[in-house]
Amino acid sequence: MMTLTELLQIGDEVVFNVDPERRAWTDTYKDVPDGTKGVVCGFYDAIIYEGRAPVFAHPPGVYHRKGAVSVWLPDGRIIPGDWSIEMVDKDEEKRRDAAMRDVNGVFSVKQVRLGDLPLTPFWEGDKVRVHFQNKRGKQEMTVGRIDYSRMHARRDDGSPWPFYDVKFKEDGSTSAEESWIELIQRGNVWKYYNNQPLSFADLKEEASFFLLIGQTKEVRNPANGFYSWTKEEVLEAIKGGHVHGFSAGNGFFGSGPHINAMRFHNEELGRRVAKATLEGFGIAA
């Protein structure tokens, strides 16, 4: 119900309609029957940490957005709205929803950037040696995601929270405390943000890295206005210089692969990717 959270404002009248399964595992709505009305009286602060790799909708940093809704009831109680409320004024809900969508109908969630990510001695992609406190012993690994929100958290026994996700050489990953980790070599993420030379085994690794850190832009298909393409369409667009490359994922219900086309912000890299893509399909660049 994140969309509704974004639409709601303090003072809005809402009505409770609680999912039966939710009622079964929480007492929060025990004395709040469906149809109970209340007024939005506040929002929790949601602090979002957008990492450096992978990058999704927002650049790396710390952001604030509206969190869960608090609802004031006529009997004086204040309880969370969560996924259990609906806006009473449906016409106003539709108006606000339309106002927060772009020309293509994509809903825009409001986030305010608070600042840079907290400093950590290890970054995503760094090669490290992890000194596990169990039978795993010492392992050479790669730092994956970093759970910045738990940097200062503690476990039940008072020990630091293992907020680094570290990847094994073969496959899989696990969590590690910061004190267990020893730096072996900086990875390309740290090098990129510190203006150091990058190193790649091949073009595929280079392209994957810049895709990972958000240095691409997805391209709409001019034939339909959406982000979906056929193989023939995307290859023609690459040949014409409108697109640099594409990725394909499995479609739903056996509908075939879903193709996404993209351009790299770095045009020189984009041209190399386009050339290699066309050559891979036996097409002269």
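Let's start with charge: this protein chain carries 37 positive and 42 negative side chains, and the centres of the two sets are 4 Å apart. Lys and Arg count as positive, Asp and Glu as negative, while His and the chain ends are left uncounted; each charge is placed at NZ of Lys, CZ of Arg, CG of Asp or CD of Glu. The model is predicted, so local features need pLDDT of at least 70 and side-chain atom pairs pLDDT 80 or more, whereas totals for chains, interfaces and linings use all residues. Residues are numbered from 1 along each chain as its sequence is written, and side-chain values use heavy atoms, without hydrogens and water.

**The whole chain**
- You can find seven helices and 14 strands in the protein chain, taken as DSSP runs (helices: H or I, at least four residues; strands: E, at least two) numbered from the N terminus.
- The C-alpha trace spans about 70 × 55 × 35 Å along its principal axes.
- Of the 285 residues, 36% are buried, meaning under 20% relative accessible area (exposed is over 50%, partly exposed in between; 1.4 Å probe, protein chains only).

**A closer look at Asp157**
- Asp157 sits in the loop between β8 (138-146) and β9 (164-167).
- Asp157 counts as exposed because its relative accessibility is 63%.
- The side chains of Asp157 and Ser159 share a polar contact of 2.6 Å; the term means a pair of N or O atoms within 3.5 Å where, within protein, one must be able to donate a hydrogen and the other to accept it, and residues adjacent in sequence count only if both atoms are side-chain atoms.
- Phe107 is 50 residues from Asp157 in sequence and 43 Å away in space, C-alpha to C-alpha.
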